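User: Hey, got a minute to walk me through this model? I'd like to start with the charges.
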Amino acid sequence: MAIDKKTFLHNVTICHDTREQKNSHIIEQLESFGVSHREKKLDFGDYTFECGGRDFSLSCVIERKANVDELYSNLVCDRERIEKEFAAAGNIANDFILLLEGCGDETELKNFEIPPWEMLLRGRKVRNIGEHCYATLKSWQCGNRYKFRTLYVKDRKETAAKILEEFYYYWRNYKIFTASRRNK
């Protein structure tokens with residue numbers, strides 16, 4: 001049974017939601033890796049994959065946020081919708097991942113603040129938006145409330161590679177599990 005990365009990369013198709021915006025950096029990276037991709041309406045999340053004739057769109061899904069500001073905006077302005085989406089994804093998918101670009105880890109998220117010039121320029125009222133995002137994510141993850149984990153990607157140039165890595169290991173474990181069941 002071949003479960004190596006080359007086999008995966010040769011057979012995988014990354015699916016990105018039709019509503020996903022500003023993802024050209026990810027598409028360009030996938031193309032530079034020689035990985036196929038296509039737009040597909042997803043029930044939840046922004047990215048999933050198909051491999052070996054199997055659709056993983058209901059079992060392994062990534063919800064991408066381009067930066068802390070987008071996450072904060074979703075939490076403040078569209079909280080009911082995003083909570084419903086997280087609840088649905090967490091109940092259906094085996095692996096639901098929130099991918100946050102432009103942030104290296106939890107500590108960086110917690111300490112993220114809007115620069116003073118942007119506060120003035122945009123008329124922003126809250127400066128320490130990272131603290132709010134951090135607290136909300138911790139609350140949602142505590143006791144596995146919405147059954148997701150957060151993946152931090154500091155440099156956007158690494159996003160496609162991180163997506164592929166997550167999907168590869170999910171697929172690899174799926175292949176190992178299903179092979180062991182077939183051999184019994």
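User: How far apart are the mean positions of the positive and negative charges?

Analyst: They're 4 Å apart, for 31 positive and 29 negative charges in the protein chain. Lys and Arg count as positive and Asp and Glu as negative, with His and the chain ends not counted. Each charge is placed at NZ of Lys, CZ of Arg, CG of Asp or CD of Glu.

User: And what sort of model is this?

Analyst: It's a predicted one, where local features need pLDDT of at least 70 and side-chain atom pairs pLDDT 80 or more, while totals for chains, interfaces and linings use all residues. Residues are numbered from 1 along each chain as its sequence is written, and side-chain values use heavy atoms, leaving out hydrogens and water.

User: OK, cysteines now. How many disulfides are there?

Analyst: Zero, taking a disulfide as a pair of cysteine sulfur atoms within 2.5 Å.

User: Why is C60 not in one?

Analyst: Because its closest cysteine sulfur, in C15, is 12 Å away, too far for a bond. C60 is also buried, at 0% relative accessible area; buried means under 20%, exposed over 50% and partly exposed in between, with a 1.4 Å probe and protein chains only.

User: What about C142, buried or exposed?

Analyst: C142 is exposed, with 59% relative accessibility. The closest cysteine sulfur to that of C142 is in C133, 18 Å off, so that's too far for a bond as well.

User: Switching topic: how much of the whole chain is buried?

Analyst: 45% of the 184 residues.
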